[in-house]
Amino acid sequence: MFFFQAEDGIRDLVRSRGLGDVYKRQLLYQIVLSKKIVTDVNQQIDKIKVVDPQENETISTRQLFSENSKESLTINVKNLLFVVSRENYVEVVYEENGIKKSLLRNSLKNIESAFSIDQEIYKCHRSYLVNLYQVKSIVGNSQSLKLKIKHFDKLIPVSRNKIKELQQGLEQLK
């Protein structure tokens, strides 16, 4: 019996079917794995207990400043949907009698440090901070995972290297 070795080091018992079959199996494995990741994370989102701010005795608010401290925004952490970096500015999207957006001249890193004690605020991408309590569901696969935010149509990207951290963050919020 002869073993044929493909370029990627996988040995195959079947006589030379070419590399196509090897790569097809790898693609199938990635698809199955990505579907499992999405369903696992969506199940974790369903288990998150939503805290009503009126039931909570202490309402957590943060004051965000621009770099020159001329502008500021006071926001209830539970109402924050997400923060997106736009060059030298950050756009803060929150819910307060409807969806509101506020633009501050600051870096995402500085805004992230303002929310450092809040475990529900998570940096899912180099340009995005999201409130995990506001995540409705997760769509996509391991190549392009995206978060659906409550009361908002835009999908938020998740970096591939942040998927496990996202799962752990959602587990902590249960």
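**Strands, hairpins and two serines in a predicted model**

Strands β5 and β6 form a hairpin, with 2 residues between them. In the turn, E87 has a positive phi of about 55°. The model is a predicted one. Pairing between β5 and β6 is antiparallel and runs over 6 bridges. Strand β6 spans residues 89–95. On its way to β7, the chain makes another hairpin, this time with 3 residues between the strands. Here N97 takes a positive phi near 55°. Strands β6 and β7 also pair in the antiparallel sense, over 6 bridges. Two facing pairs mark this pairing: V93 stands opposite K101 in β7, and V90 stands opposite L104 in β7.

These strands belong to an open sheet of 5 strands. The order is β7-β6-β5-β9-β8, and the pairing is antiparallel. Strands β7 (99–104) and β8 (121–125) stand at the edges. Each has a single partner strand, so one side of each is left without a neighbour in the sheet. On average, neighbouring strands of the sheet are turned by 20° against each other, direction ignored. How enclosed is β6 by the rest of the structure? Of its 7 residues, 5 are buried, so β6 is largely enclosed. In a regular strand, the side chains alternate between the two faces of the sheet.

One residue of β5 was followed in more detail. S85 lies in this strand, which covers residues 80–86. The bridge partner of S85 in β6 is V90. V90 thus links two pairings, because it is the partner of S85 and also stands opposite L104 in β7. Is S85 buried or exposed, or something in between? At 23% relative accessibility, S85 counts as partly exposed, since the buried class ends under 20%. Beyond its neighbours within four places in sequence, S85 is in contact with V90, L108 and S127. S85 and N106 are 21 residues apart in sequence. In space, their C-alpha atoms are 8.8 Å apart.

A second serine, S159, sits outside the strands. Its place is the loop between β12 (155–157) and α3 (163–172). S159 has a relative accessible area of 18% and is therefore buried. Which residues does S159 touch, leaving aside its neighbours within four places in sequence? The contacts are C124, H125 and R126. Residues 121–125 form the edge strand β8, so two of the contacts of S159, C124 and H125, carry numbers within that strand.

The wider chain sets the context. It has 3 helices and 12 strands. Of its 174 residues, 38% count as buried. The exposed area is about 11,200 Å², and carbon and sulfur atoms supply 48% of it. Among contacts between residues at least 6 apart in sequence, 43% join residues at least 24 apart.

Confidence varies along the model. The chain averages a pLDDT of 77, and 66% of the residues score at least 70. Over residues 52–57, pLDDT stays under 50. For this stretch the model has 4 contacts beyond four places in sequence. Where pLDDT is low, the predicted coordinates should not be read in detail.

Definitions and conventions. Residues numbered from 1 in each chain as written. Predicted model: local features only at pLDDT ≥ 70, side-chain atom pairs only at ≥ 80, totals over all residues. Heavy atoms only, no water. Helix = DSSP H or I, 4+ residues; strand = E, 2+ residues; numbered from the N terminus. Buried < 20%, exposed > 50% of the residue type's maximum accessible area, 1.4 Å probe, protein only. Contact = heavy atoms within 4.5 Å. pLDDT = per-residue confidence, 0-100. Pairing = 2+ DSSP bridges. Axes fitted to C-alpha atoms, helices over the stretch in contact; angles between N-to-C directions. Areas by Shrake-Rupley, 256 points an atom, 1.4 Å probe, with all protein chains shown as cover.
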